[in-house]
Amino acid sequence: MKNYLWFTVILSLSMAEMGCESKSELPGDCQTFNFDHTFRAKIGETWCHEKPAYQITFGPLIEDSRCNVPEIECVWAGRYVMAATILYGGDVIAVDTFDAVSNWSDTLYNTPFTVMLQKVYPEIRDSVGNLPDSVYSFDVKISQ
């Protein structure tokens, strides 16, 4: 019985130690993405890829002047402008902006990877001007 108890203690400690070694290096508030797969993000969210250590935080929203309000005639299509902060290996390597005019999409190239803002939601708004940050979401694809 005494040997069984020691075996259980040693096994438990070994399993705990193995768990510590396999913990992610990502910050706790990061959501993970896979390269070349579209994901839906929101303003204020941080998305990460562990290998290589790449991190992007979306926001703040700078402008939403899209002409996507029913029954309003526009003289131009407007644009969606949002900042992004990019870290690589723990260092800030870029603070850039998406300036989505055509089809509400834009691509950032000032990074080791290509970051594509593919679509902005909501597609239709009730009024002109910026909405609360919590209302916005967007499809993003990061490619190597």
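A search of the whole structure turns up 2 disulfides, and this is a predicted model, so keep that in mind as you read. One disulfide joins Cys-30 to Cys-48, and the other joins Cys-67 to Cys-74. Beyond the disulfides, there is an open sheet of 5 strands, another open sheet made by 4 strands, and a largest nonpolar core of 28 residues.

**Disulfides**

- Counting bonded cysteines along the chain, the pattern is 1-2, 3-4.
- In the link from Cys-30 to Cys-48, the sulfurs sit 1.7 Å apart. Cys-30 belongs to strand E1 and Cys-48 to strand E3, so this pair ties together parts that are 18 residues apart in sequence.
- Are the two ends of that link buried or exposed? Cys-30 is buried, with a relative accessible area of 14%, and Cys-48 is buried too, at 1%.
- The link from Cys-67 to Cys-74 has an S to S distance of 1.8 Å. It is right-handed, with 90° about the S-S bond.
- Cys-67 counts as partly exposed, with a relative accessible area of 30%. Cys-74 is likewise partly exposed, at 38% relative accessibility.
- As a quick chemistry reminder, a disulfide is a covalent bond between the sulfur atoms of two cysteines.

**The sheet of 5 strands**

- Reading across this open sheet, the strand order is E1-E3-E4-E5-E6, and the pairing is mixed.
- Which strands are at the edges? They are E1 (30-32) and E6 (91-100), and each of them pairs on one side only.
- From one strand to the next, the twist averages 30°.
- E1 and E3 (residues 46-49) run parallel and pair over 3 bridges. Within this pairing, Thr-32 has Cys-48 of E3 as its bridge partner. Cys-48 is also the residue that the disulfide joins to Cys-30.
- E5 (residues 80-88) and E6 run antiparallel, joined by 9 bridges. One of the partnerships puts Val-81 with Asp-99 in E6.
- The hairpin of E5 and E6 has 2 residues between the strands, and Gly-89 takes a positive phi near 65° there.

**The sheet of 4 strands**

- Here the order is E2-E9-E8-E7, in an open sheet with antiparallel pairing.
- E2 and E7 stand at the edges with a single partner strand each, so one side of each is left without a neighbour in the sheet.
- The twist in this sheet averages 35° from one strand to the next.
- E7 and E8 are antiparallel and pair over 3 bridges. Thr-107 stands opposite Met-116 in E8.

**The nonpolar core**

- Which residues have the most contacts inside the largest core? They are Phe-58, Tyr-80, Leu-117, Phe-138 and Ile-142.
- The elements giving two or more residues to this core are E2 (39-42), E4 (54-64), E5, E6, E8 and E9.
- In general, nonpolar side chains in soluble globular proteins tend to be buried together.
- Leu-117 is worth a look in the viewer. Leaving aside neighbours within four places in sequence, Leu-117 is in contact with residues including Tyr-80, Met-82, Phe-98, Trp-104 and Phe-138. The Leu-117 contacts also include Ser-105, Asp-106 and Asp-139.

**Two loop residues to find**

- Where is Thr-111? You'll find Thr-111 in the loop between E7 (106-108) and E8.
- Thr-111 counts as buried because its relative accessibility is 13%, and the cut-off for buried is under 20%.
- The side chains of Thr-111 and Tyr-54 are joined by a polar contact of 2.9 Å. Apart from neighbours within four places in sequence, Thr-111 touches Tyr-54, Ile-86 and Ile-93.
- Ser-134 lies in the loop between E8 (114-121) and E9 (137-143).
- Ser-134 is exposed, with a relative accessible area of 55%.
- How far apart are Ser-134 and Lys-42 in sequence and in space? They are 92 residues apart in sequence and 7.3 Å apart in space, going C-alpha to C-alpha.

Key:
Residues numbered from 1 in each chain as written. Predicted model: local features only at pLDDT ≥ 70, side-chain atom pairs only at ≥ 80, totals over all residues. Heavy atoms only, no water. Pairing = 2+ DSSP bridges. Axes fitted to C-alpha atoms, helices over the stretch in contact; angles between N-to-C directions. Buried < 20%, exposed > 50% of the residue type's maximum accessible area, 1.4 Å probe, protein only. Disulfide = S-S within 2.5 Å. Polar contact = N/O pair within 3.5 Å; in protein donor to acceptor, adjacent residues only side chain to side chain. Contact = heavy atoms within 4.5 Å. Core = buried A, V, L, I, M, F, W, Y, C linked by side-chain atoms within 4.5 Å.
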